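User: I am new to reading protein structures and would like a close look at one part of this one. Could you choose a strand, tell me how it sits among its neighbours, and then follow the chain back to what comes before it?

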Amino acid sequence: MSVQVIPVQTKLVTPDDDLLEVISEYCGPLLQKGDILVAAETMVAISQGRLIRPENVKPGRCALFISQFIHQDGSLSSPFALQAVMNEEGTLRVIAAFIVSVFSRVFLRRKGDFYRLAGKQAALVDDITGTVPPFDKYIVMGPKEPEKVVAAIKERFGIEAAIIDANDLGRSQILAATEGVDHRLLQRVFKKNPAGNADQQTPLVIVRRRA
Amino acid sequence: MSFLVAFLACAGTLSAALALYYWQLGDQNIIFDIGAVQDLLVQHDPERDEIICRCSIPLTNRGEQQGMVNNVFCQPVYCGKIMKGMEIRSQINVVKEQARENGYWESLILKNDAYFLTQLEVRIRHSSVDIPTLIRQVPRLNIIIYYQVVGRKGIQWKLAELPLPLKDAQLPAKLKEEKVVE
């Protein structure tokens, strides 16, 4: 069985937009029964207003210190993004995740424990420069209650829905999906990141099965 | 007692080691390298009755860590009463493929020991004075570039000041030829 992947170009979604209305306007005429509508997590987060100016974040000593141990290609290498995560997930949780990850890295030679333990936002946050303008000036947090978002999409449009964090590096993470979504199929489709991460402005993708 | 001493010694050593690590990591040192300005062009456009200044300025990171240039603004330095009728439009962009034509500064990451070339363009007009008179009164206009750098140790606002020698304004090559013919 093959699948058809339809990236849908939209206007620039902002915190003033209602996500369901955006989907209705740009995907409404295209949707068919049996489709899976996949929304990019950054777009969902932006529509929820999950944007923070770095100027409005005051990094504490813990954020300044811990961020120095994170590889500079990661969003959390910025003390501002790390502090924003601490504000949501809790400072103690992030400190504990840091201590455990140091030990697991040194003694077990295991990578990634910090992101696994510090909470969802640690893996989802995008630092400044990480999103298309004008949101390149903001720290963009991960979406809030993604399960409720996909449920609302399914209820309104009668199709399966998922929110995905995909990038051009071939890594994708399904944040939330309705019951009928085939996770393995989505992982396979989004390995190539059909929505793109830059100016393509295609934050919605329709995945259609073809017999 | 000996356990307490050993514990304090370990904690002290660890703290000192971490402090040393933190200190030796350093920070970004991103600057608009005014000393390395290239291709400075000051041109008088008689058709539009304006002066156009263009130059390339390297945006360099001489620090030990990467930084992010988040905002950049240009502003002329006050140059006397003649400024009242002056219209000055300045724009600075990173020189790259698919550069945005507008004046929006897209946040960028600058790794240590790396640089980007930026292009500054300044257009100057005056509502009541002609360009030769303006040049006589303002032979040099200073432009200040304010820029915000977000580093791994905090946010810094920096500034660079670039003098534009308006007195060196040249006519476009085509017009020069026409004058010679006359």
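Analyst: A residue is called buried here if 20 or more other C-beta atoms lie within 10 Å of its own, and exposed if 12 or fewer do. With that in hand, and keeping in mind that this is a predicted model, we can turn to strand S5 of chain A, which covers residues 160–166.

How many of the residues of S5(A) are buried? The count is 7 of its 7 residues, so the strand is mostly covered by the definition of burial given above. In a regular strand the side chains alternate between the two faces of the sheet. In S5(A), Glu160(A), Ala162(A), Ile164(A) and Ala166(A) point one way, while Ala161(A), Ile163(A) and Asp165(A) point the other way, and all of them are buried.

Next come the strands that pair with S5(A). Strand S2 of chain A, residues 36–40, runs parallel to S5(A) and is joined to it by 5 bridges; in this pairing Val38(A) has Ala162(A) as its bridge partner. Strand S6 of chain A, residues 172–177, also pairs with S5(A) over 5 bridges, but in the antiparallel sense, and here Asp165(A) is partnered by Gln173(A). The two residues named from S5(A) in these pairings, Ala162(A) and Asp165(A), belong to the two sets that point opposite ways from the strand.

Going back along the chain, we meet helix H8 of chain A, residues 146–157. Its 12 residues should span 16 Å at 1.5 Å a residue, and its end C-alpha atoms are 17 Å apart, which agrees. Within H8(A), Pro146(A), Val149(A), Val150(A) and Ile153(A) are buried. Seen down the helix axis, these buried residues fall within an arc of 105° or less, namely 95°, so they line one face of H8(A). On the other side of the helix, Glu147(A), Lys148(A) and Glu155(A) are exposed.

What covers the buried face of H8(A)? The cover includes S5 itself, together with S2 and S6, and also helix H1 (19–27) and helix H2 (41–47) of chain A. The strand we began with, and both of the strands described above as pairing with it, are thus among the elements that cover the buried residues of H8(A). After H8(A) comes Gly158(A), whose phi is positive, near 70°, and S5(A) then begins at residue 160.

Conventions
Residues are numbered from 1 along each chain as its sequence is written. Chains are lettered from A and ligands numbered from 1 in the order in which they are written. This is a predicted model: local features need pLDDT of at least 70, side-chain atom pairs count only at pLDDT 80 or more; totals for chains, interfaces and linings use all residues. Helices (H or I, at least four residues) and strands (E, at least two) are DSSP runs, numbered from the N terminus. Two strands pair if DSSP finds at least two bridges between them. The expected span of a helix is 1.5 Å times one less than its number of residues. The arc is that of the directions from the helix axis to the C-beta atoms. Two residues are in contact if their C-beta atoms, placed from the backbone, lie within 7 Å.
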